[in-house]
Amino acid sequence: MMKLAALAALMGSAAAFAPAQTGKASTQLRAFEDELGAQPPLGFFDPFGMLSGDCTQERFDRLRYVEIKHGRIAQLAFLGNIITRAGVHLPGNIDYAGDSFDSFPNGWAAISGPDAIPGAG
């Protein structure tokens, strides 16, 4: 009886790693299955349904361009945060009063706090 229970547990755990059987849905989005970046197991992945109605090649190309642009901006923002936290600041003054860039704290403390950048300029 114990061997049977162990065998059942072993087969159950092996089934967890087996590939799931999914049926292919036939939608208009199949036109983009061969685009760069569409790869198994997801294929063309559109989680928000941005191409569910008007799915032309022109709209697809526009959304891809915007996604790449926003990704690059996010990467630059992250890099700017890391560099500023490391203590590297721009040379010169941030305003005409003579406050230098490195006289203000890093991160959220530069927006709110006792040494924050003045909001009124």
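A helix here means a DSSP run of H or I, at least four residues long, numbered from the N terminus. Keep that in mind for α2, which covers residues 57-85 and holds Leu-79. And one caution up front: this is a predicted model.

Start with the overall picture. The chain has two helices and zero strands. It runs to 121 residues, and buried ones make up 8% of them. About 10300 Å² is exposed, with carbon and sulfur atoms supplying 63% of that area. Now take the contacts with a separation of 6 or more. Residues 24 or more positions apart account for 18% of those.

Next, the helix α2. Does the geometry fit? Let me put that properly: how far apart are the end C-alpha atoms of α2? They are 42 Å apart. The 29 residues, at 1.5 Å a residue, should span 42 Å, so the two values agree. Just after α2 comes Gly-87, with a positive phi of about 100°.

Now the surface. Leu-76, Leu-79, Ile-83 and Val-88 make a nonpolar patch of about 370 Å². Look at Leu-79 within it. Its relative accessible area is 45%, so Leu-79 counts as partly exposed, the class between 20% and 50%. That value also clears the patch cut-off, which asks for over 30%. As background, an α-helix has 3.6 residues a turn, so residues three or four places apart point the same way.

On to the inside. Which residues make up the largest nonpolar core? Five do: Phe-32, Phe-44, Leu-51, Cys-55 and Phe-60. Phe-32 is a good place to look around. Set aside its neighbours within four places in sequence. Phe-32 then touches four other core members, Phe-44, Leu-51, Cys-55 and Phe-60. Its contacts also include Ala-38, Thr-56 and Gln-57.

Last stop, Met-50. This residue sits in the loop between α1, residues 2-16, and α2. Is Met-50 buried or partly exposed? Partly exposed, because its relative accessible area is 44%, between the 20% and 50% limits. Beyond its neighbours within four places in sequence, Met-50 is in contact with Arg-59 and Leu-63. Take the Leu-63 pair. The two residues are 13 apart along the chain, and their C-alpha atoms are separated by 8.6 Å.

To recap: two helices and zero strands, a five-residue nonpolar core that includes Phe-32, and a nonpolar surface patch that includes Leu-79.

How values were computed: Residues numbered from 1 in each chain as written. Predicted model: local features only at pLDDT ≥ 70, side-chain atom pairs only at ≥ 80, totals over all residues. Heavy atoms only, no water. Patch = residues over 30% accessible without salt bridge, like charges linked within 9 Å, V, L, I, M, F, W, Y side chains within 5 Å. Areas by Shrake-Rupley, 256 points an atom, 1.4 Å probe, with all protein chains shown as cover. Salt bridge = Lys/Arg side-chain N within 4 Å of Asp/Glu carboxyl O. Buried < 20%, exposed > 50% of the residue type's maximum accessible area, 1.4 Å probe, protein only. Contact = heavy atoms within 4.5 Å. Core = buried A, V, L, I, M, F, W, Y, C linked by side-chain atoms within 4.5 Å. Expected span 1.5 Å × (residues − 1).
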